[in-house]
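Here is a friendly tour of sheets, helices and cavities. Please have a look at the structure below before reading on.

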Amino acid sequence: MGERFSNLDGSGPHALGSILKWAVIDRLAGRRRRAPARAPVPSVAVDHAALATPPGPGEPARLTWLGHASWLIQAEGVSVLVDPVLRPRIAAGLRRNAPLVLGPSDLPRIDAQLVTHSHFDHLDAPTLRAVGAPVIAGRGLAGLIGKLGLECRELAWWEAARVGGLAVHFVPAQHWSRRGLSDTNATLWGGYVIDGPGARLYHAGDTAYFDGFRAIGERFPGIDAAMLPIGAYEPGWFMRKQHMNPEDAVQAFRDLGAGRFLAMHWGTFKLTDEPLLEPPERLEAEWARLGLPSREKRWLAVGETTRVGRARRGPP
């Protein structure tokens, strides 16, 4: 048996009994919260001409949300995809709720694909293969990526790779990994700090709330924008060990000391029990409750682009 990974606190995935309780027993007993599998999520047409050429050295970064945890990040003359899932359906026939605004053939030239972990809604093998760009991923994933005919650079937590003028740092997350019956935690999960002269960005991947956010903020002060998950949190007794709710995500944002909150991981796939449109509503309510500046928070429409520049300069 190969190497197995664990979270910073030593924790691993749920026991089989907990999974069966949520997935089967509570469903049959009618104890699960019911919500429609479809809901209208805001989307806009992608501006292909604007995305054709990435910003140059030192210019603000350009970020386009493609739904779920998928982002097109363009900065320092390069374009990278994070967790690209660009198909109408993924594993087990799970259908997108949010529209697919950009397919692999519609993309500009992609210099690298960043994969946060092995779960099917983040590592979509057909999308990675169709895009064809080299992959950066956590330890243990080079074998799977290599079978797709793609180059893969593996990273441990706190290690980094270069993509043109960007430094790509793999940082901890509180989660787990599995794609089959026997590979639980056989590959490493995490998030990314994507750092260049024009902007310092953070993508959390899939994660529960944990002390690691404060550690990431200390190692990378002056994060200009944090892409944080706000969905897939009900029921809390089961999901809180692996996903954040909107209130957790706001606390993570504050721990990081980031300049702008960009919401993700909601509305695209019906993964858990909360209504699809509830996460941004709870995010707005928590933001107002804490009296935080409205300019620091954005939840983009699918396909929408925002620009982020470095506000507090430091070496990349």
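**A word on handedness**

A helix crossing is called left-handed if the near helix is turned anticlockwise from the far one by less than a right angle, and right-handed if it is turned clockwise. That term is useful for the helix pair described next. Please keep in mind that this is a predicted model.

**A pair of helices**

Two packed helices are described by the angle between their axes and the distance between the axes. Helix α7 covers residues 246–256 and helix α8 residues 278–290; their axes come within 8 Å and cross at roughly 50°. Angles under 35 degrees count as roughly parallel and 65 to 115 as roughly perpendicular, and α7 and α8 are therefore oblique to each other. As for its hand, the crossing of α7 and α8 is right-handed.

**The sheet from β6 to β14**

Let us turn to the strands. One open sheet is formed by seven strands with mixed pairing, running β6-β5-β4-β3-β2-β1-β14. At its edges stand β6 (152–155) and β14 (305–308); each has a single partner strand, so one side of each is left without a neighbour in the sheet. On average, neighbouring strands here are turned by 25° against each other, direction ignored.

For a close-up, try the β6 end. Strand β5 (residues 135–138) pairs with β6 in the parallel sense over four bridges, and Ile 136 stands opposite Arg 153 in β6.

**The sheet from β7 to β13**

There is also an open sheet of seven strands in the order β7-β8-β9-β10-β11-β12-β13, again with mixed pairing. Its edge strands, β7 (160–163) and β13 (297–298), each pair on one side only. Within this sheet, β11 (residues 225–229) and β12 (residues 261–264) are parallel partners joined over four bridges. Ala 226 is found opposite Phe 261 in β12.

**Two cavities**

How many cavities of 30 Å³ or more does the structure hold? There are two. The largest has a volume of about 100 Å³. Its lining counts 15 residues, with Ala 232, Gly 267, Phe 269, Glu 274 and Leu 276 nearest the centre. Sorted by class, that lining comprises seven nonpolar, six polar and two charged residues.

The second largest cavity contains about 50 Å³ of space. Its lining is made up of Asn 7, Gly 12, Pro 13, His 14, His 175, Trp 176, Lys 241 and Gln 242. Here the classes divide into two nonpolar, five polar and one charged.

Methods:
Residues are numbered from 1 along each chain as its sequence is written. This is a predicted model: local features need pLDDT of at least 70, side-chain atom pairs count only at pLDDT 80 or more; totals for chains, interfaces and linings use all residues. Side-chain values use heavy atoms; hydrogens and water are left out. On a 1 Å grid over the protein atoms alone, a cavity is a set of points where a 1.4 Å probe fits but cannot get out, and a pocket is an open set with protein on both sides within 12 Å along at least five of seven lines; lining residues have an atom within 4 Å of a point. Grid points are joined across faces, edges and corners, and a volume is the space filled by probe spheres set on the points. Ala, Val, Leu, Ile, Met, Phe, Trp, Tyr, Cys and Pro count as nonpolar, Asp, Glu, Lys and Arg as charged, and the others, Gly among them, as polar. Two strands pair if DSSP finds at least two bridges between them. Helices (H or I, at least four residues) and strands (E, at least two) are DSSP runs, numbered from the N terminus. Axes are lines fitted to C-alpha atoms, for helices over the stretch in contact, and angles run from 0 to 180 degrees between N-to-C directions. Angles under 35 degrees count as roughly parallel, over 145 as roughly antiparallel, 65 to 115 as roughly perpendicular and the rest as oblique.
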